[in-house]
Amino acid sequence: MVLILETDRLLLRNWEEQDFAPYHAMNNDPVVCEYFPDLHTEGQSRKVIARYREQEQREGYSFQPLIERATGAFVGDIGLARVEFDAGFQGATEIGWMMQRQFWGRGYATEMARALLDHGFAVLGLTEVIAFTVPANARSRRVMERLGMMPDEAAGFDHPNIAEGHPLRPHVLYRATAPSAPGTVEPA
Ligand SMILES: CC(C)(COP(=O)(O)OP(=O)(O)OC[C@H]1O[C@@H](n2cnc3c(N)ncnc32)[C@H](O)[C@@H]1OP(=O)(O)O)[C@@H](O)C(=O)NCCC(=O)NCCS
């Protein structure tokens, strides 16, 4: 099963072969990948997509292609995904995003992320969604803040998949809580 979501300007759909070229190009744009430890070979890009699709089959959701409805263009990838690495919150659901540079500055990441959070809470029954990045990734942190996610200062962590001593290893963590989950205040 795969999530199909539509917003005013965007569509989230299943991976198609035509997504590979723009996805791989995005993974090799040094500006897009400024806060990632490596650029990807073609084989690595294919492996990542295969892992997302496998996770989608198993969990019902993962990172998926983000499409501009007006043009059909591949914007990037975005999704809810179970955290598989162990940094104290394995099995939690994260939200993440990555877009080709020409689509930055239009509110696209926030638009689909908002729809994904709503879907995650209302349909999938999630009680919490987390997001994380390196402290210097201001654009990604601004998306988290625009979504109303709260920084958890005490929950900063070293990413276990990044080598010890690497400057991109320390991460900040943000949380979004389901509207009806305990500890949140319902509007009167
Ligand atoms: C992180 C990333 C997805 C954010 O992209 P973005 O375009 O800055 O974020 P949004 O799509 O939410 O757009 C918000 C921007 O669009 C502007 N905008 C323009 N039209 C808008 C609209 N209709 N609605 C909302 N915002 C709009 C906002 O003012 C904002 O710009 P600002 O932050 O300069 O003030 C993008 O920078 C990226 O792909 N980075 C590389 C990959 C990466 O680091 N991913 C995160 C890993 S943790």
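How many of the 15 residues of helix 3 are buried? In this predicted model, the number is twelve, and helix 3 is accordingly mostly covered.

**View 1. Helix 3 and its buried residues.** Helix 3, which runs over residues 108-122, has 15 residues and reaches 21 Å from its first C-alpha to its last, close to the 21 Å expected at 1.5 Å a residue. The buried residues begin with Tyr108, Ala109, Thr110, Glu111, Met112 and Ala113, and they continue with Ala115, Leu116, Leu117, His119, Gly120 and Phe121. Helix 3 also supplies at least two residues of the shell around the ligand, which is the subject of the next view.

**View 2. The shell around the ligand.** There are 21 residues around the ligand, of which Trp97, Met99, Gly105, Ala109 and Thr110 come nearest. Strand 5 (93-99), helix 3 (108-122), strand 6 (128-133) and helix 4 (138-146) each supply at least two residues of this shell, and helix 4 gives the most, with five residues.

**View 3. Oxygen atoms of the ligand and their polar partners.** An oxygen atom of the ligand is 2.7 Å from a polar backbone atom of Gly105, and an oxygen atom of the ligand is likewise placed 2.9 Å from a polar backbone atom of Tyr108. A side chain also takes part: an N or O atom in the side chain of Arg142 is 2.9 Å from an oxygen atom of the ligand. Taken alone the ligand exposes 960 Å², and the protein buries 72% of that area.

**View 4. Helix 2, its buried face and its exposed face.** The 18 residues of helix 2 (residues 42-59) should span 26 Å at 1.5 Å a residue, and the end C-alpha atoms are 26 Å apart, which agrees. The buried residues of helix 2 are Ser45, Val48, Ile49, Tyr52, Gln55 and Glu56. Seen down the axis of helix 2, these buried residues fall within an arc of 120 degrees, so they line one face of the helix. On the face turned away from this buried side, helix 2 carries the exposed residues Lys47 and Gln57. The cover over the buried residues includes helix 1 (20-26), strand 3 (63-68) and strand 4 (74-82). Just after helix 2, Gly60 takes a positive phi of about 95 degrees.

**View 5. Val48 and Gln55, two buried residues of helix 2.** Val48 has its place in helix 2 and counts as buried at 11% relative accessibility, the cut-off for that term being under 20%. Leaving aside neighbours within four places in sequence, Val48 is in contact with Tyr23 and His40. Val48 and Val2 are 46 residues apart in sequence, and their C-alpha atoms are 17 Å apart in space. Gln55, which also lies in helix 2, is buried with a relative accessible area of 3%. When residues up to four places away in sequence are not counted, Gln55 touches Gly60, Tyr61, Ser62, Ala81, Arg82 and Glu84.

**View 6. Arg13 in the loop before helix 1.** Arg13 is found in the loop between strand 2 (10-12) and helix 1, and Arg13 is buried, with a relative accessible area of 12%. The side chain of Arg13 makes a polar contact with the side chain of Asp19, at 2.8 Å. With residues up to four places away in sequence set aside, Arg13 touches Leu3, Ile4, Gln18, Asp19, Gln64, Pro65 and Ile67.

Notes: Residues numbered from 1 in each chain as written. Predicted model: local features only at pLDDT ≥ 70, side-chain atom pairs only at ≥ 80, totals over all residues. Heavy atoms only, no water. Helix = DSSP H or I, 4+ residues; strand = E, 2+ residues; numbered from the N terminus. Expected span 1.5 Å × (residues − 1). Buried < 20%, exposed > 50% of the residue type's maximum accessible area, 1.4 Å probe, protein only. Arc of directions from axis to C-beta. Contact = heavy atoms within 4.5 Å. Near = heavy atom within 4 Å. Polar contact = N/O pair within 3.5 Å; in protein donor to acceptor, adjacent residues only side chain to side chain. Areas by Shrake-Rupley, 256 points an atom, 1.4 Å probe, with all protein chains shown as cover.
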